[in-house]
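Trainee: I'd like a close look at one single part of this model, please. Start there, and then tell me how the rest fits in around that spot.

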Amino acid sequence: MTPRVVPIKPCAPDVSSEKTTFRVRRRHLKIVLPIAVLCAVVAVAVFAPALAPFDPTSQHLSLRLRPPSWIKGGDPRFLLGTDHLGRDILSRLYYGARVSLPIALAATTTGALIGITLGLLSGYFRGVVDSIVTKLIDIQLSFPFILFAIAVIAISGPKLYMLVLVLAARSWTTFARVVRGETFVIGGNDYVVAARALGASQPRVIFRHILPNILPLAVVIGTLDIGALIILESTLSFLGLGVQPPTVSWGRELSEARQYIQLAWWTTTFPGLALLVVVLFVNLLGDGLRDILDPRLRAR
Amino acid sequence: MTRLTQRLFHFAIVILGVTTLVFIALRMTGDPALMLLPGDPTPEDIMLARQKLGVDQPWLTQYITFISSAFRGDFGVSFQHGVDATGLVFERLPATAALAGSALLLAAAFAIPLGILAAVYRGTVIDLIVMVLAVIGQGVPFFWLGLMLILIFGVELRWFPTGGYGGWQHLILPSLTLAGYIAASTARLARSSMLEVLGRDYMRTARAKGLALHVVVLKHGLRNAAIPLITFLGLQMGLLLGGTVVVEEIFGWPGVGRLLLQAISYRDYPVVQAATFILAMIFVLVNILVDLIYTVLDPRIRDQR
């Protein structure tokens with residue numbers, strides 16, 4: 001076996017004691033439910049064409065604004081009712097999952113790549129790089145982001161890649177800030193100093209010794225970030241600045257349903273519930289992962 | 001005094017950066033002349049309209065004119081309404097201020113006491129309830145919360161109007177929606193900063209010398225926990241100002257946010273610029289105010305100067 005240069009963080013408790021074993025298991029239990037729920041959501045998104053009883057865009061104009069099937073006047077074929085064009089709400093919910101999740105994931109990944117890179121550079125080299133990066137973060141944090149997003153998208157036109165870029169612009173600061181702080185700390189550790197003394201090149205120190213120790217933290221930030229980005233995406237779509245029809249998205253759905261709120265509560269209730277459930281469980285997963293991967297953050 | 005000047009300098013850069021960004025973004029696509037002219041305009045009509053709007057000049061000229069007049073509060077005349085853009089924004093400002101202010105008060109009035117309770121009774125049912133509420137609150141898209149409030153209190157119960165502008169009844173649902181936007185994170189922060197303070201030696205000393213729990217928490221604790229909380233609320237103003245755009249749109253509230261959204265769809269450059277500039281200024285002023293409040297609350301910062 002080759003010697004490991006990267007020390008394992010002493011976060012895994014002593015497994016020999018029965019009590020701690022139980023505690024570890026209980027901590028792990030916290031992420032089982034979120035993972036199960038999110039897997040179900042992903043499955044629905046992937047198999048939407050097979051699962052959905054109707055095409056999400058097919059209109060049944062004689063069956064407009066039908067209530068959910070369990071309510072008087074409901075049609076048994078439309079479990080959650082129909083919208084103002086007689087489209088099946090359940091099918092549209094299924095298809096909506098195919099939009100919100102990938103967009104948020106793509107945006108978080110882009111944000112993570114930018115944020116981690118800048119955070120590593122500024123935490124490792126400090127000096128000028130650091131002051132530029134911190135200024136950028138400061139400026140970004142000191143402006144109402146949604147205004148910026150609205151302005152940029154309204155002007156560039158609501159294109160999908162612009163949406164992802166704008167969301168990524170929101171997400172990189174979180175990564176950069178935390179990674180920068182961690183790099184400061186880890187960069188001062190004995191094993192990093194030792195690696196440098198042994199003649200390791202700077203890229204090697206950064207990527208082989210510092211980065212692996214930051215990744216768990218990045219996973220936690222990323223997960224917590226996805227929830228926020230899903231909400232932001234749906235907000236922009238709600239304002240008509242995000243996903244455009246005929247693509248189905250939960251936020252867009254809500255903005256169309258809004259006009260019929262007096263007539264049909266189900267059209268505004270269900271897409272929002274879908275959003276709530278997904279964001280809630282993404283956040284719970286993030287909290288659970290944080291407890292497992294980074295015990296130091298648990299206090300907050 | 002250096003700290004304050006440093007902050008002022010920082011904020012000046014922020015405002016300049018934001019306005020520059022908006023300026024560039026606005027000119028990336030779309031011709032306002034085309035948006036304004038009805039029907040099929042002739043090329044001459046378009047040329048004339050461009051000249052009248054000043055958008056026929058090179059970008060750099062437009063930018064210099066823009067920056068120099070922006071700091072005089074002059075953003076030009078609204079393309080859409082034909083009146084002074086700054087005046088339009090200021091006309092709408094009281095409505096937005098009422099909305100954002102009452103939302104901030106509501107959020108603080110509910111979330112901070114709840115957070116403190118959760119911290120003091122850590123690990124009990126109270127803590128659990130507050131934390132569960134906070135976790136759910138962070139998962140709720142706030143515009144949907146607004147729709148649900150309309151549905152329940154406006155459509156079903158008919159307690160409050162579903163939208164529009166008027167008496168205090170009109171203010172309730174929009175400001176609840178906006179308060180919901182920041183309440184969950186405020187409660188969480190109130191809890192964690194109070195928890196940190198509760199563990200301090202001076203708290204134990206205060207209890208040991210016989211002071212009642214509520215005196216210790218409210219006098220010794222809150223004063224120390226307030227510092228991170230106030231910074232946080234200052235930064236939340238950014239979210240609130242952004243959130244007003246969405247909430248005003250939902251409730252038909254005639255504030256700056258709605259003006260801004262309309263101006264964006266009409267490419268009404270002067271109004272968009274005036275609105276973003278003024279909103280950014282408000283945000284900056286609030287944060288300078290927060291800095292000043294600090295110094296009152298925390299002698300350690302005061303003495304640094």
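**One helix pair across the two chains**

Mentor: Let's start with helix H10 (residues 265-293) of chain A, which packs against helix H6 (residues 125-139) of chain B at an angle of about 120 degrees, the two axes being 8 Å apart. Axes here are lines fitted to C-alpha atoms, for helices over the stretch in contact, and angles run from 0 to 180 degrees between N-to-C directions. Helices (H or I, at least four residues) and strands (E, at least two) are DSSP runs, numbered from the N terminus.

H10(A) and H6(B) are therefore oblique to each other; under 35 degrees would count as roughly parallel, over 145 as roughly antiparallel and 65 to 115 as roughly perpendicular, with the rest called oblique. The crossing of H10(A) past H6(B) is right-handed, as opposed to left-handed, where the near helix is turned anticlockwise from the far one by less than a right angle; clockwise makes it right-handed.

Who does the touching? On the H10(A) side you have A:Leu275, A:Leu276, A:Val279, A:Leu280, A:Asn283 and A:Leu284, and from H6(B) come B:Val135, B:Ile136, B:Gln138 and B:Gly139. Contact means heavy atoms within 4.5 Å. By class, the contact of H10(A) with H6(B) has seven nonpolar residues, three polar and no charged. (Ala, Val, Leu, Ile, Met, Phe, Trp, Tyr, Cys and Pro are nonpolar, Asp, Glu, Lys and Arg charged, and the others, Gly among them, polar.)

Before going on, a bit of bookkeeping. This is a predicted model, where local features need pLDDT of at least 70 and side-chain atom pairs count only at pLDDT 80 or more, while totals for chains, interfaces and linings use all residues. Residues are numbered from 1 along each chain as its sequence is written, chains are lettered from A and ligands numbered from 1 in the order in which they are written, and side-chain values use heavy atoms, with hydrogens and water left out.

How confident is the predictor? For the complex, ipTM is 0.78 and pTM 0.82. Chain A has a mean pLDDT (confidence in each residue, from 0 to 100) of 81, with 87% of its residues at 70 or more. Within chain A, helix H3 (residues 89-125) comes out highest at 90 and helix H5 (residues 145-156) lowest at a mean of 75. Residues 14-18 of chain A stay under 50, and the model gives that stretch two contacts beyond four places in sequence. Chain B averages 82, and 92% of its residues score at least 70. Among its elements, H5 (residues 85-120) of chain B has the highest mean, 90, and H13 (residues 299-304) of chain B the lowest, 65.

H6(B) belongs to a chain with 13 helices and zero strands. Chain B's C-alpha atoms fill a box of roughly 85 × 55 × 30 Å along the principal axes. An automatic or database assignment splits chain B into domain 1 (3-70) and domain 2 (91-265), whose C-alpha centres lie 36 Å apart.

Two pairs inside the chains are handy to set beside ours. H5(B) packs with helix H8 (residues 168-198) of chain B at about 35 degrees, axes 5 Å apart, in a right-handed crossing. That contact holds 25 nonpolar, four polar and one charged residues. Over in chain A, H3(A) and helix H4 (residues 127-141) pack at about 135 degrees, axes 7 Å apart, and H3(A) passes H4(A) in a left-handed crossing. There, A:Leu118, A:Leu121, A:Ser122 and A:Phe125 of H3(A) meet A:Gly127, A:Val129, A:Asp130 and A:Val133 of H4(A).

Key. pLDDT = per-residue confidence, 0-100.
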